[in-house]
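Reader: I would like to go through the helix packing and the ligand site, with reasons for each term used. Please set the values against the cut-offs.

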Amino acid sequence: MSARGDAAEDSTFVRTYTLTRGRTRPRHLLGLDTVLDAGPGRPGPGQAEECEEILALCREHRRSVTELAGRLGRPVTAVKILVSDLLDADALVVPVTAPYAASGTDADARPSLQMLAALSAGLKRKWPDAIAYLQAG
Amino acid sequence: MPSPTSRPDDPAAALRTPSRPHSDAPTVLKIVIAGGFGAGKTTAVGAVSEITPLSTEEYLTEASTGVDSLEGVEAKQTTTVAFDFGRLSLPDAPVPLELFLFGTPGQDRFVDLWYDLSRGAVGAVVLIDTRRLETSFTPVSFFEDIGLPFVVAVNHFDGAHRYQPEQVRAALELPACVPVVTCDARNPSDVAGVLLTLVGHAENAPATPVHPAPNATLQDA
Ligand SMILES: Nc1nc2c(ncn2[C@@H]2O[C@H](COP(=O)(O)OP(=O)(O)OP(=O)(O)O)[C@@H](O)[C@H]2O)c(=O)[nH]1
Ligand SMILES: [Mg+2]
């Protein structure tokens, strides 16, 4: 893979580091699919403008880390760093949902059979014309 | 193949983020849609998503090839990769559900990202443009190696030679249990049918967790 360290990419890094005040790692363990909801707290003073944008988006609708990054047009890592600040300030919270995993303690586990059946039923209700091709075996 | 390098976790991030009860929050499930350049990933995500697919960027760090290790520290290079995000809610499901769709390109350098996306996922759809079948080998062997249930969806482009699913199965050396279906990525019912096929396949697959393949590491685990 050849280096793509061109000027455009360099300036993206500069913008990102400015945004996160030089930090390169989020304080909280956040997945690409971690969902965030607005919380009761207020962000501390001197936060990046993007923090207000994140809060406004999450007040409208719960949003995943990926969705926030996509809407802000910022790299995921930078958004995770800002989201960590907002979690610390209680301005964002991670809503508890029914665990999708077969075992609630194992984050790597796959969704339970019950969840898969619910997903199937939900998709069929939404798209009655959709056909599943079932494989023998 | 550039081997992804490990990204040490920030020790300060050792504790899981505290979360708040939120009784009516739907359960989130996710599906990965992988495929080669121009295979129709964004189209497929957009066909069923309630939001216009978002293009999201992430940094990936990879080892620079051909550079000698210096004091055991490999020279690393950071590149930006983009992937698609879409979502749909299924309020009429027996339990309220929200489905996240992640569309990701099929090159080796996305492997770190695929790990992140695969953890806890329902499974993956590998979208195939039969004019460029070879671009599907990497995602197919990745999902096979980590044990994530996947289906192969052959996207029928106008003017493309129409391969039969069984020809695609043979070319990709897919086991008999992996469903191979055809679809038009522009058609929501078709894409929903592919997702249903995947869910049915995942229900039959043994419930093993996703295993890291050799020579690969998790990032920001
Ligand atoms: N005829 C036909 N055209 C399709 C189909 N799926 C996608 N297309 C078209 O093919 C082109 C590429 O589709 P995209 O969805 O952008 O493909 P992609 O995989 O996201 O492409 P990259 O992100 O550039 O790798 C678009 O012009 C689509 O309208 C299909 O099933 N049939
Ligand atoms: Mg695309």
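Reader: Why are α2(A) and α4(A) called roughly perpendicular to each other?

Author: In this predicted model, α2(A) and helix α4 (residues 76-88) of chain A pack at an angle of about 75°. Angles of 65 to 115 degrees count as roughly perpendicular, so that is the term for α2(A) and α4(A). Their axes are 10 Å apart.

Reader: Which residues make the contact of α2(A) with α4(A)?

Author: From α2(A) come E50(A), C51(A), I54(A) and L55(A). On the α4(A) side they are V79(A), L82(A), V83(A) and L86(A). By class, seven are nonpolar, none polar and one charged.

Reader: What makes α2(A) oblique to α3(A)?

Author: The axes of helix α2 (residues 49-60) and helix α3 (residues 65-72), both of chain A, cross at roughly 125° and come within 11 Å. Roughly perpendicular ends at 115 degrees and roughly antiparallel needs over 145. The angle of α2(A) with α3(A) fits neither, which means the pair is oblique. The crossing of α2(A) past α3(A) is right-handed.

Reader: Which residues of α2(A) and α3(A) make that contact, and what are their classes?

Author: α2(A) contributes E50(A), E53(A), I54(A), L57(A) and C58(A), while α3(A) contributes L68(A), R71(A) and L72(A). The classes are five nonpolar, no polar and three charged residues.

Reader: Why is α1(B) called roughly perpendicular to α5(B)?

Author: Helix α1 (residues 41-48) and helix α5 (residues 188-204) of chain B pack at about 95°, with axes 8 Å apart. The angle lies in the range 65 to 115 degrees, so α1(B) is roughly perpendicular to α5(B).

Reader: How do you know that the contact of α1(B) with α5(B) has no charged residues?

Author: A44(B), A47(B) and V48(B) in α1(B) meet P188(B), V191(B), A192(B) and L195(B) in α5(B). Ala, Val, Leu and Pro count as nonpolar, so the contact has seven nonpolar, no polar and no charged residues.

Reader: What surrounds ligand 1?

Author: There are 15 residues around ligand 1, the closest being G38(B), K41(B), T42(B), T43(B) and N155(B).

Reader: What makes the pair between ligand 1 and the side chain of N155(B) a polar contact?

Author: A polar contact needs N or O atoms within 3.5 Å. An oxygen atom of ligand 1 is 2.2 Å from an N or O atom in the N155(B) side chain. For the side chain of D184(B), the distance from an oxygen atom of ligand 1 is 3.1 Å. With G38(B), an oxygen atom of ligand 1 lies 2.9 Å from a polar backbone atom.

Definitions and conventions: Residues are numbered from 1 along each chain as its sequence is written. Chains are lettered from A and ligands numbered from 1 in the order in which they are written. This is a predicted model: local features need pLDDT of at least 70, side-chain atom pairs count only at pLDDT 80 or more; totals for chains, interfaces and linings use all residues. Side-chain values use heavy atoms; hydrogens and water are left out. Axes are lines fitted to C-alpha atoms, for helices over the stretch in contact, and angles run from 0 to 180 degrees between N-to-C directions. Helices (H or I, at least four residues) and strands (E, at least two) are DSSP runs, numbered from the N terminus. Angles under 35 degrees count as roughly parallel, over 145 as roughly antiparallel, 65 to 115 as roughly perpendicular and the rest as oblique. A crossing is left-handed if the near helix is turned anticlockwise from the far one by less than a right angle, and right-handed if clockwise. Contact means heavy atoms within 4.5 Å. A residue is near a molecule or strand if one of its heavy atoms lies within 4 Å of it. A polar contact is a pair of N or O atoms within 3.5 Å; within protein, one must be able to donate a hydrogen and the other to accept it, and residues adjacent in sequence count only if both atoms are side-chain atoms.
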